[in-house]
Amino acid sequence: MKNIASEWGAVCQRMRQAEALYNREAGSVQLLAVSKTQSADKLASLADLGQQHFGENYLQEALAKQRPLQAYGLTWHFIGPIQSNKTQAIAEHFDWVHSVDRLKVAQRLSQYRQGLPALNVLLQVNISQESTKSGVSLAELPQLAQQVAQLPNLRLRGLMALPAPEADLQLARQAFAQLAQAQQQLRQQALPLDQLSMGMSADLEAAIAEGATWVRVGSALFGPRH
Ligand SMILES: *Cc1c(COP(=O)(O)O)cnc(C)c1O
């Protein structure tokens, strides 16, 4: 296994190079370290390097890692499918949720977030050729976005997508461009969205080219998952 510090450095360098290549402001893209299946020790190694934001897909696994890492003051993002019965714990233990795709889940997150700082929310959108069934369709997105924006205790920040991997840079960019365009249309409907969560280990450059503000990177940091 390679040294995690050099992997982290390499990912950060890819991000800065893509920002420069595609005329994005330096530092305008943030790294979300996707740490599902990784041990708390590995997360601590990244935190020691200065990594602040971590993304987790499974609630119980995330809670078990948050406890020993509490002293780091990390920022936790939930990025996995959300079951209704998990909404209370997600609302209480995360700072961001990237994977909201229906109103009922948003309502429950809002309810359980009462008394805490607003929960940052992104809507997961099922753009073309999506590999998962999660995500609101582009057709239903405008209505869901307007409804979620009205809920107290949530701050609707933007959109997330998980398109099928494309070996071809131009094809990958097309999928991300669709998400960026959907975001633009919502902004024209007076929704102040400022975040786009798109791009993973294999395609973060394409996502940065199309306006990603978060890239969600797992295997390029930690090696392949088992
Ligand atoms: C696992 C996962 C990632 C990271 O994927 P890699 O290809 O390992 O970088 C990103 N986003 C979501 C939603 C994931 O579940």
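Two strands count as paired here if DSSP finds at least two bridges between them. Keep that in mind for the close-ups below, which all come from a predicted model.

**View 1. Strand β3 and its partner β2.** Strand β2 covers residues 53-56, and four bridges join it to β3. The two strands run parallel. For a landmark within this pairing, look for E56, whose bridge partner in β3 is F78. To get from β2 to β3, the chain passes through helix α3 (residues 59-66), and this β-α-β crossover is right-handed.

**View 2. Strand β3 and its partner β4.** On to strand β4, made of residues 96-100, which runs parallel to β3 and is joined to it by two bridges. Here H77 of β3 stands opposite W96 of β4. The connection goes through helix α4 (residues 87-93), and this β-α-β crossover from β3 to β4 is right-handed.

**View 3. The side chains of strand β3.** Now stay with β3 itself, residues 75-78. In a regular strand the side chains alternate between the two faces of the sheet. In this strand, T75 and H77 point one way, while W76 and F78 point the other way. What is their setting, buried or exposed? All four of these residues, T75, W76, H77 and F78, are buried.

**View 4. The ligand and the residues around it.** Twelve names are worth finding in this view: the ligand is surrounded by V34, K36, N57, I79, L162, M200, S201, R216, V217, G218, S219 and R225. Three of the polar contacts can be picked out by atom. A polar side-chain atom of K36 lies 2.6 Å from a ligand oxygen atom. From the side chain of R216, an N or O atom is 2.9 Å from a nitrogen atom of the ligand. S219 takes part through its backbone, with an N or O atom 2.8 Å from an oxygen atom of the ligand. How much of the ligand does the protein bury? Taken alone, the ligand exposes 390 Å², and the protein buries 88% of that.

**View 5. The two sides of helix α2.** Helix α2 spans residues 40-49, and its buried residues are A40, L43, A44, L46 and A47. Why do these residues line one face of the helix? Seen down the axis of α2, the buried residues fall within an arc of 165°, so they line one face. The face turned away from the buried side carries the exposed residues D41 and D48. As a reminder for reading such a view, an α-helix has 3.6 residues a turn, so residues three or four places apart point the same way.

**View 6. A lysine of helix α3 and its contact with Q38.** K65 belongs to helix α3. Is this lysine buried or exposed? Its relative accessibility is 6%, and because buried means under 20%, K65 counts as buried. A polar atom of the K65 side chain lies 2.8 Å from the backbone oxygen of Q38.

**View 7. Two loop residues with positive phi.** N23 sits in the loop between α1 (4-21) and β1 (30-34). Its phi is near 55°, a positive value in a residue other than glycine. With 73% relative accessibility, N23 counts as exposed. T37 is found in the loop between β1 and α2. Although T37 is not a glycine, its phi is positive, at about 70°. At 44% relative accessibility, T37 counts as partly exposed.

Note on methods. Residues numbered from 1 in each chain as written. Predicted model: local features only at pLDDT ≥ 70, side-chain atom pairs only at ≥ 80, totals over all residues. Heavy atoms only, no water. Buried < 20%, exposed > 50% of the residue type's maximum accessible area, 1.4 Å probe, protein only. Right-handed = clockwise from strand over helix to strand, strands pointing away. Near = heavy atom within 4 Å. Polar contact = N/O pair within 3.5 Å; in protein donor to acceptor, adjacent residues only side chain to side chain. Areas by Shrake-Rupley, 256 points an atom, 1.4 Å probe, with all protein chains shown as cover. Arc of directions from axis to C-beta.
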